[in-house]
Amino acid sequence: MIYVNEQNKEFHLTNGQISYVFRVMEETNILEQLYYGSAIQHYESFDFMIEREIRPSNNWKWGSHLTSFEHIKQEFPVFGSSDFREPAIDIEYPAGDHISHFEFQHYTIRAGKTVDGGLPGSFGGEQEVETLAIVLKDLYSELYVTLHYHLYLNLPIVTRQQVIDNRGNETVVINRIHSLSLDIPDSGYDWIHLDGAWARETIMARDKIHSGIQNVSSTRGASSHVHNPFLAICEETTTNSQGNAYGFSLIYSGNFLAQIEKDTYNVLRIQLGINPHQFRWKLDAGTQFQTPEAIIVFSQAGLNSMSQSFHQFFSTHVIRSPWKKKEKPILINNWEATYFDFTEERLLEIAQASKRMGIEMFVLDDGWFGSRNNDNGSLGNWQPDYKKLPNGIQGISQKIHDLGLKFGLWFEPEMVSKDTAIYLDHPEWVIGNAEKNRSHGRNQFVLDFGNPEVVEAIFEQVNRVLATAEIEYIKVDMNRYLSEVYSAILPADQQGEVAHRYILGVYRFFEKIIANYPDLLIESCAGGGARFDPGMLYYSPQIWTSDDTDAVERLKIQTGASLVYPLTAISSHVSAVPNHQVGRVTSLEMRKNVALFGTFGYELNPLALSNEEQAQIAKQIAQYKRYQQLINLGTFYRLETESANFVSWLVINEEKTEALVGFYQILAEPNSPYRRIKLAGLDETKDYQVYENDQLKEAKRNGSDLQSYGIRLGGNFIGREQEYWSRELPGDFHSKLYFLKAIEMASK
Ligand code: GLA
């Protein structure tokens, strides 16, 4: 529901879960923010929320009663006012000044939301989302900004997006335009962000918010392994299960900034948008610029509830793929099994053994094209390597299908190697200034996807492969960042546009693939999780989470990813031991129990496994298939993330009749205290049967005591060796999988 108090020019967006209130400010006609948080009742006037104290600082105008803008919560702060905090917009006008004053003009309200303008975004039907569009005009020019507020009616979510329109006769330059700027009062908050590096992405970090500016960002041309376009603020006492939390996320895959500025009056200015660093967009007369869309989630019930809102939102309103809720085929990927060293015969042997274990799809990773026997060349030459694959992709795909498996293929469309025709024929297609150094990254360069010709040429090559072979799945990779950012096709005064134009080109490429192959299952990837972001989810329902496939490392990585992203998006594979990234040896059981909480698959050579191990995998697959719908559609809870040694996760169906619990111990402890796993999300009026690894463990436990007492782990240790080893959690890297079934269902 969007209320407008016409008299006072106040806007109140509320859906019973959240309220967002702002107004048009007296004298200045700019937008003043009043409230964002849990739902409050509607008032005819919100003037009791207006904060005006005389402060010794600049005023708006001589004689004005308004105090400095620095002390007023702003909805769309500008540079060139008496607000000295970071602005949401910075425009360079023809005279060289940056002074703007965006005044309220009019508003419209409409139902429903579609996505347009070349950027990914959220969508919803007329019953699902209401949109308030506020049009502002710069006092000094013919620049208009429309602020779009999309209120999702069944979720505690508002999204924000701005469009700037130059209706004047002169070019201006946009130095920054954020997607969101929100001023939140009160102190004592922590902030949460996802940090990392290659092979250790999305590690959750929680810090105190201090005075001044703190942020996470990317300048790498991709959202990056290092940070994620997400941040949350929460009270110091907020945990997974209780307390207020505000989550912010950006539907964008390029250079972003997610920032908190705590001012000297304890107001937090939260901003998300394209990173202003190295961004400079020439907005010619008669043109528009659209920002990415930002998402604001509010939770009164802790971080799990915040995550669940994000999950539901992405699953329903961002991911488009027809695969999003379907049971995806269980795949085997040959990367860690063979790397570049394979023949068709070897691949078929792997596929055959995989089929025997119950695997449903074979994915051929890097190394099938050009003469790519290592990572030195051939990117950009998407012709099959007939030495390895005598009958090309069509031939191997046919043979894989004959075995009864689906077929998937890897591409890295944005990249080029020096030994290819496109590199030699089109040096101007490569990002960088040919007169200066262009850094190699994994021996490759980045193609200028901001140039539509490049996108077209690469799409043609990829399309030739997709059109001639039966391919149900593609993995679209991107293995290096953009450095020395420069485009040969843009003039000097538009070089600040290269990174944003690049990501728009990447989106255009994905859009073309989807338009031509609407049922294709797409996994996006960027050297692991360097583009694990909501922008990519709009094009691909699943993302390769990390090149680190070690089960213990994945506990941290997948826990962090789950803060924002649904399990169906989190690709996770069981790989070989010793693990290829860290050398750790964990049991097949542990590896399966971790990979299960995601889009499940295998990435190992079954021919290198014993018969017993192959039989164990066959059982794992059968087990996963029983739980696949529950994992895909269920509600996810992080039960235990505080301790570094234990992790537990739970997923429960909507009816609360079935739940799956994973418990993981990293290192064994001697003489350890009793441990209990306290569950969450159960129905306290229901009794449950508890199965441990498919065996009945407890015949009848009530939902309430499973939550407050929990499942008890561990036996009574009294020190003798045999009793030590008979304990429930013997040794390092141990896991358990519990399945709960409500008793009225159990008899069916
Ligand atoms: C990246 C991906 C891997 C694999 C390799 C192939 O690192 O993340 O999964 O596809 O590229 O070169």
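What covers the buried residues of α4? I started my notes with this helix, in a model that is predicted.

**Entry 1: helix α4**

I looked up α4, residues 392-402, and listed its buried residues as Gly392, Ile393, Gly395, Ile396, Ser397, Ile400 and His401. The cover over them includes α3 (344-357), β22 (361-364), β23 (406-411) and α6 (452-468). I kept in mind that an α-helix has 3.6 residues a turn, so residues three or four places apart point the same way. Just after α4, I found Gly404 with a positive phi of about 95°.

**Entry 2: nonpolar cores**

Ile393 of α4 came up again when I turned to the cores. The largest nonpolar core has 187 residues, and Ile393 is listed with Ile233, Phe248 and Trp368 as those with the most contacts inside it. I noted that helix α7 (residues 498-516) gives the largest share of this core, nine residues. Domain 1 (2-317) and domain 2 (640-742) each supply at least three residues to this core.

I then took Phe248 and left aside its neighbours within four places in sequence. Its contacts include Leu180, Leu182 and Ile184, then Pro229, Phe230, Leu231 and Ile233. Further along the chain I listed Ile270, Leu272, Ile295, Ile296 and Phe310 as contacts of Phe248. I also found a second, separate core of 21 residues, with Ala659, Val661, Leu713 and Leu729 among them.

**Entry 3: domains and the largest pocket**

I read the domain assignment of the chain as domain 1 (2-317) and domain 2 (640-742). Their centres, taken over C-alpha atoms, are 42 Å apart.

Where does the largest pocket lie? I place it between domain 1 and domain 2, because both give residues to its lining. The space in this pocket comes to about 900 Å³. It is lined by 39 residues, of which Gln308, Gln312, Leu633, Gly634 and Thr635 are the closest to its centre. Two or more lining residues come from each of β20 (293-299), α1 (302-318), α11 (611-633), β31 (635-640) and β32 (646-652). The largest share, eight residues, is from α1. By type, I noted 14 nonpolar, 18 polar and seven charged residues in the lining of this pocket.

**Entry 4: cavities**

I counted nine cavities of 30 Å³ or more. The largest cavity has a volume of about 100 Å³. Its lining takes in Ile30, Leu31, Phe69, Gln74, Glu75, Phe76, Pro77, Val78, Ser81, His101, Phe102 and Leu136. I sorted this lining into eight nonpolar, three polar and one charged.

**Entry 5: backbone exceptions**

Most residues other than glycine have a negative phi, and most peptide bonds are trans. I looked for exceptions and wrote down the following.

Asn29 has a positive phi, near 65°. I located Asn29 in the loop between β3 (18-24) and β4 (31-38). I count Asn29 as partly exposed, because its relative accessibility is 26%.

Asp694 also shows a positive phi, near 70°. Its place is the loop between β35 (687-692) and β36 (695-702). Its relative accessible area is 35%, so I entered Asp694 as partly exposed.

Which residues does a cis peptide bond join? I found Val577 and Pro578, with omega about -10°. Pro578 sits in the loop between β29 (570-575) and α10 (588-595).

Notes:
Residues numbered from 1 in each chain as written. Predicted model: local features only at pLDDT ≥ 70, side-chain atom pairs only at ≥ 80, totals over all residues. Heavy atoms only, no water. Core = buried A, V, L, I, M, F, W, Y, C linked by side-chain atoms within 4.5 Å. Buried < 20%, exposed > 50% of the residue type's maximum accessible area, 1.4 Å probe, protein only. Helix = DSSP H or I, 4+ residues; strand = E, 2+ residues; numbered from the N terminus. Domains from an automatic or database assignment. Contact = heavy atoms within 4.5 Å. 1 Å grid on protein atoms, 1.4 Å probe; cavity = no way out; pocket = protein on both sides within 12 Å on 5 of 7 lines; lining within 4 Å. Points joined across faces, edges and corners; volume = space filled by probe spheres on them. Nonpolar A, V, L, I, M, F, W, Y, C, P; charged D, E, K, R; others polar.
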